[in-house]
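The following report describes selected features of one protein model for a reader new to it. The sequence and structure are shown first.

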Amino acid sequence: DYTVMASMGHIIDLPKSQMGIDFENDYTPKYITIRGKGQLLTQLKKEAKKADVVYLATDPDREGEAISWHLAEALKIDPESNCRVTFNEITKTAVKAAIKQPRKIDMDLVDAQQARRVLDRIVGYTISPILWEKVKRGLSAGRVQSVATKLICDREEEIENFTPQEYWSIETVLHDPKSKKDFNAKYYGEKGKEVKLNNAEETKKVSDAIANADFVIEKVKRGQQKRNPQPPFTTSTLQQDASRKYNFQAAKTMQIAQTLYEGINLGGKIGTIGLITYMRTDSLRIADDAQKEAVAYLTENYGSEYVKAKNAQDAHEAIRPTSINIKPIDIKDKLTNDQYRLYKLIWERFAASQMTSAVYDTMQVTIDANGHTFKASGSNIKFKGYMTVYVESTDNKEKKEKMLPNLEENQTVALKSSEEKQHFTQPPARYSDATLIKELEENGIGRPSTYAPTISTIVSRGYVVRSKKQLVPTEL
């Protein structure tokens, strides 16, 4: 009984050729129909006239709310009537439930979008001409891209002004006669107090002092450490993880996520279904039914000791699979390779977020050699918990810690070898897509929908170039 039509995004916007904002009258925006949208608008008006009721089901965010309001105005629908429906996933259940609960257009969201658009225009159209005059024609200054460019330039300046500091380390291989196992220990200081080795002379002095010394285990500390699963993805954490794991640029991640959200034809009885929830969000909430489904799935497939208790809720929703029962491997042949990889990442992160912590046995050892202190530590996984499904990646590659032999206090271990190493402190790293997005988000700059286009814009305008995954500012 429904005719479904698309407005293909915005139908009206501020004019390109002028400021389009009436400063004298409360900054009122002057809207015009977007070029090339006239025919589509006529078609929409024609169909809307015929219909008993029109529901506006644009995206569930500020931008979507504004498009609905523009459509209501154009199609002569009262924005105060229950004409707006939203859903967070394109599945049969979600769409049917949404149609049952129409609401009026939320003018607070519309105003937020208008304020952002007007601010964008004022900043862009007032500063850009200065750039054309002073620097080069065709440049643009935007609210978020200017800040992103500044961050990248500031970082470059830090790198250029960086003075490396020399420091040394001593790494030893020790042998435990009881277990016949070797383990590594690093120089820490003297008589339990930390000491930094600044040059070759200081380092050689320590090496000579320990060459024939007894290495005695002074202190053994055993413990347990928990590692908690990460929450499900938000827009920024999805972009960061896909960048680290697959080297996807933010724009590519969003493009693939869009196809997974809009729906994939899985054939058979299922047909076309949206595989993930809406991909522009900064919330960590999970819908109750998704949580129940996850608990049932994980209990059945892994056992109840792997399932964690319920977590806190808030307004929007995180990015998750629309159904945990649609396993990535089962639909691999229906997806492109990139779609499969991204869906698998979202599926695994969500499943892991509903699971128990991983538990490690840890051991830290302090060793004395002729008044010089060495330290060693190790850990061993005792219960994998969520790590059976997913392990998050980080920007710094940590070495895997091995478990130490079963050492006792006051026992003596033998020195097998010792190596002196010279190091220099490193300047801060240039931003990658992942670290820049993290920095923008931590500073409250931009919204989930702006991270990808911001990076694309500053690269396409030639303010920044990519070099080996890093973002480097240009002369411009």
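In helix α6 (residues 200-210), Thr 203, Val 206, Ser 207 and Ile 210 are buried, that is, under 20% relative accessible area with a 1.4 Å probe and protein chains only. Viewed along the axis of α6, these buried residues fall within an arc of 100°, so they line one face of the helix. On the other side of α6, Glu 201 and Lys 205 are exposed (over 50%). The buried residues of α6 pack against several strands, among them β5 (166-176), β8 (215-227) and β13 (412-424). At the start of α6, a side-chain oxygen of Asn 199 comes to within 3.4 Å of the backbone nitrogen of Glu 201.

The model is predicted: local features need pLDDT of at least 70, side-chain atom pairs count only at pLDDT 80 or more, and totals for chains, interfaces and linings use all residues. Residues are numbered from 1 along each chain as its sequence is written, and side-chain values use heavy atoms, with hydrogens and water left out.

Gln 240 lies in helix α7 (residues 235-246). Gln 240 counts as buried because its relative accessibility is 6%. Beyond its neighbours within four places in sequence, Gln 240 is in contact (heavy atoms within 4.5 Å) with Ala 434, Ile 437, Lys 438 and Glu 441.

The classes of residue lining the second largest pocket are as follows.

| Class | Lining residues |
|---|---|
| Nonpolar | 12 residues |
| Polar | 14 residues |
| Charged | 11 residues |

Conventions. Nonpolar A, V, L, I, M, F, W, Y, C, P; charged D, E, K, R; others polar. Helix = DSSP H or I, 4+ residues; strand = E, 2+ residues; numbered from the N terminus. Arc of directions from axis to C-beta. Polar contact = N/O pair within 3.5 Å; in protein donor to acceptor, adjacent residues only side chain to side chain.
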